[in-house]
Structures are given as C-alpha cells and as structure tokens.
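Biologist: Can you walk me through the empty spaces and the surface of this protein? Keep it plain, please.

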Amino acid sequence: MVGGLLWLLARVGLVVIAAIVALILAAAVHPLVDWLVRRRWSPLLATIAAFLGTLIVLGGAVTGIVFAVRGDWDELSRSAVEGWEELQRVLRTSPVPVDTASIDATLQKAVAFVTSGTFLGGALSGLGAATGFVTGTVLMIVVLFFFLKDGPMLWSFTLRWFRAGTRAKLAESGDRTVQALGGYVRGTAAIAAIDALFIGVPLAILGVPLAVPLAVIVFVGAFVPIVGATVAGAIAALVALVTSGPVIALVVIAIVVLVNQLEGNLLQPIVMGRALSLHSLVVLLALAVGTIVGGFFGAVLAVPLTAVAWSVIQIWTDTYQVGDDPVLGKDPLSAKNRTAAKATIGERWKYQRMRHGAAPTARTPPVDTADARRTSPSNDPADRTSDPIGEARAGATVARSAPAVAEGDPPTKESPCPAPSSAPPRPPGTAT
C-alpha cells in the first residue's frame with residue numbers, strides 16, 4: 001500500500017510539487033483575502049486582488065534577484081574562491097598549523113557544483129526540463145487561484161465525509177497546517193528582508209564590492225534556516241577578505257554573527273511566533289533529507305513540511321505524557337509550543353461541537369419546501385379558502401348522523417347533552 005502510494009507520487013511529482021507550492025502560498029496570502037472581505041469587498045474581487053498582488057510580488061522578487069546576480073555572478077564566485085585561498089595561506093602561516101588539503105578539495109568540489117549550475121539543475125530535474133518547469137509553474141498559478149477562491153469550500157466538502165472525532169481531528173489538522181505554512185512563509189520573508197538590509201547596508205558602507213549581490217544571497221539563504229545564513233555570511237566574509245583585507249573581513253564576520261544572533265533571539269520569536277516549533281537538530285536533519293531528495297527546492301520546503309508533520313502527529317496521537325514526570329523530570333515540550341495551545345477559543349469550540357455533535361440520521365433525499373407547502377394541509381386560517389357549498393354539505397351530514405333526543409329525556413352516552421327546548425321555562429313551584 002505505502003509502496004504503491006510512493007510510486008504514484010513519484011509518477012505525478014510535477015503535480016504534487018505544484019500543489020504543495022500553491023498550498024504554501026495560499027496559506028500565506030489567504031489572510032489578505034479575509035481582510036479584504038471584512039472590508040466589504042466581494043469574495044471574487046478580494047481573491048483576484050490578492051492573487052494578482054502575489055504574482056506581482058513573486059515576479060518582481062525573482063526578476064530583481066536574477067538581474068542583481070546575473071551580471072556579477074562570475075566575479076562573485078571568483079572573489080569567493082580567491083578569498084578561501086587567502087584564508088588558507090593565513091592558516092598555514094599561523095602559529096597553529098592547519099592541514100587544509102582535505103578541506104580545500106571538498107570546498108573546490110562544492111564550489112564547482114554550485115557555480116556550474118548543477119545544483120539548480122538537479123533541483124529542477126524532478127520537474128523535467130524547461131518544458132516541465134514552465135508547465136509546473138502554470139499549474140501552480142492555476143491551483144493557487146482556486147485555493148484562494150474556493151479553498152474553504154473544498155475543505156468543507158472534504159470534512160463532510162467524516163464524523164465526530166475524525167472530523168474534529170481533520171479540521172484541526174487543516175487549521176494547524178495553514179497556520180504553520182502561512183506563518184513560516186510570512187515570517188521567513190520578513191526575516192530574510194531584514195537580514196539582507198542589516199548585512200547589505202554595512203557592506204556598502206565598508207566599501208566591500210558586490211554588496212548588492214551579497215545582500216541578495218543573504219536574502220535567498222535566509223529561506224534555508226541555520227545553514228543558509230551561515231553560508232551567506234561566509235561568502236560575504238571571503239569576498240571582503242580578498243577585496244578589502246583581513247580587518248574588513250573580520251568586521252563583516254562580526255556583523256554577520258550579530259545579525260544571526262539578533263535573528264535567532266529576537267526576530268524569530270517575534271515574527272515567526274509559534275509557527276515553527278522544531279528543535280535545531282530536527283531542522284538540520286530535515287534540511288539534509290530535503291537537499292538529498294529535492295536539491296535546493298527540497299531544502300526550502302523541508303522545514304515547513306516537517307513543522308506540519310509534527311503538528312499533525314500531535315493531533316492524531318495521545319500517547320505523549322504531558323507535564324513533568326517524577327522520574328523523567330521536566331517536560332521538554334513547553335506548553336506554548338504544543339499544538340493544542342495554538343488553537344483559538346473559536347477553533348476549540350468548533351472542534352468540541354464536531355466531536356459531540358449528532359450526526360444526521362435521515363438518509364432520505366431532501367424535500368422541496370415549496371412542494372411540501374403545496375401538498376401538506378395548512379393550519380393557518382388565512383391559508384384556507386372559503387367553500388360555502390362544501391361547508392353546507394358537511395353540516396347536513398352531521399345533522400343526519402346525530403341521534404334525535406326527546407324533550408326531557410336524560411342524557412345518554414350517545415347524546416351527552418339534552419337538546420334545547422323551544423318551550424319557555426316554568427316558574428318554580430308550578431305543577432306539571
């Protein structure tokens with residue numbers, strides 16, 4: 001079963017990747033659609049505005065990155081290699097000798113791999129060649145539009161196939177997925193822009209050449225947690241070393257370390273919030289697996305998908321012991337990082353209603369209310385039509401069926417009350 005599913009996913013990898021990217025972007029942009037609808041925009045107009053805005057931002061970012069790096073890529077890679085060679089020379093002549101032969105061989109292979117474009121080509125090989133990439137991009141755009149327009153309706157349709165506890169868990173899984181993906185994308189984009197600004201501007205002030213391409217590399221590298229920022233900072237330091245000397249290179253290293261500390265201790269807790277509650281070791285392992293499986297794009301998608309998987313695991317399993325243990329000690333998972341703590345009050349009430357709500361018992365097709373009103377009798381006097389002939393006939397039938405009661409006879413079961421007499425009543429004491 002699992003093998004067949006994996007084989008099917010491998011065969012339709014183009015569709016899977018396009019759907020995942022569209023889902024991530026829709027999770028990040030859908031709050032904008034909700035905000036526009038609350039401002040009395042029509043749902044269709046709000047969807048179109050958010051969709052076009054997303055395409056403009058993505059297109060502008062990709063175009064800016066390409067134009068910023070394309071003309072200076074050869075010089076940038078050459079400066080980085082020369083900077084590494086200069087660092088090797090300094091290490092060899094230092095008081096503590098360092099054998100850099102193996103490091104140099106590994107770095108040369110890595111530089112050749114990245115600068116030759118094989119890394120990017122390998123990441124795109126799963127999508128096919130250029131035609132497959134264009135097809136995947138178009139498919140992603142179309143799926144993104146329908147996710148923004150009909151996403152809640154499609155999810156409601158899916159949930160209606162399940163009942164009670166299963167429906168509640170699926171609903172919570174969907175909410176946490178959208179929360180994790182949207183929060184990760186929005187937070188990472190904001191942090192990447194801040195990192196690029198705080199590193200690019202000092203590089204330009206220090207007079208380091210290629211400050212703009214280096215800032216672009218910092219921005220792109222920020223989408224790969226931990227590793228991306230480290231690699232981007234190392235490249236900036238190597239370029240500064242070969243072009244501006246060791247003093248400027250040390251200043252650049254200090255700036256990069258300061259920005260990384262600012263990001264890890266201040267920006268991520270504030271901007272990212274609780275969207276990414278993963279240990280650093282888990283992040284590194286996810287990056288390694290994602291890079292091996294999907295190259296650059298695998299490294300970018302690995303962390304948010306891992307965060308989603310961890311949230312779903314917490315929802316569908318209840319074997320984890322919450323709280324401190326007298327033997328094991330303190331709970332390593334803090335209360336604020338648990339998936340249950342990320343739901344709002346309204347969402348918790350919704351899940352509770354799903355768990356305890358009664359499932360519909362009738363399986364008959366729905367009845368048209370207009371037809372029901374036409375075929376069922378009405379109790380409203382205003383809806384009754386006057387029929388004098390019918391009412392007279394009914395009265396005559398009742399009169400014929402009633403038994404005659406003589407004057408003065410005692411009432412019987414058939415005649416519970418005496419018939420009215422036309423004779424005047426006698427006064428008391430009068431003889432009959």
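Modeller: What follows covers cavities, a surface patch and a pocket. This is a predicted model, where local features need pLDDT of at least 70, side-chain atom pairs count only at pLDDT 80 or more, and totals for chains, interfaces and linings use all residues. Residues are numbered from 1 along each chain as its sequence is written, and side-chain values use heavy atoms, with hydrogens and water left out.

Biologist: How many cavities of 30 Å³ or more does the structure hold?

Modeller: Two. A cavity is a set of points, on a 1 Å grid over the protein atoms alone, where a 1.4 Å probe fits but cannot get out. The largest cavity has about 50 Å³ of space; a volume is the space filled by probe spheres set on the points, which are joined across faces, edges and corners.

Biologist: Which residues line the largest cavity?

Modeller: D195, I199, V218, A222, A229, A232, G233, V256 and N260. Lining residues have an atom within 4 Å of a point. Six are nonpolar, two polar and one charged (Ala, Val, Leu, Ile, Met, Phe, Trp, Tyr, Cys and Pro count as nonpolar, Asp, Glu, Lys and Arg as charged, the others, Gly among them, as polar).

Biologist: Which helix gives the most to that lining?

Modeller: Helix 10, with three residues. Helices are DSSP runs of H or I, at least four residues, numbered from the N terminus.

Biologist: Now the pocket. How much space lies in the second largest one?

Modeller: About 760 Å³. A pocket is an open set of points with protein on both sides within 12 Å along at least five of seven lines. The second largest pocket is lined by 26 residues, and L23, G151, W155, G174 and V178 lie nearest its centre.

Biologist: Which helix supplies the largest share of that lining?

Modeller: Helix 2, with nine residues. By class, the lining of this pocket has 18 nonpolar, five polar and three charged residues.

Biologist: Where is K350?

Modeller: K350 is in helix 13. K350 and A168 are 182 residues apart in sequence, but 8.1 Å apart in space, C-alpha to C-alpha.

Biologist: And why does K350 count as partly exposed?

Modeller: Because its relative accessibility is 32%. Buried means under 20% relative accessible area, exposed over 50%, and partly exposed in between, with a 1.4 Å probe and protein chains only.

Biologist: What about F297, where is that?

Modeller: F297 is found in helix 12 (residues 280-316). F297 counts as partly exposed because its relative accessibility is 35%.

How values were computed: Helices (H or I, at least four residues) and strands (E, at least two) are DSSP runs, numbered from the N terminus.
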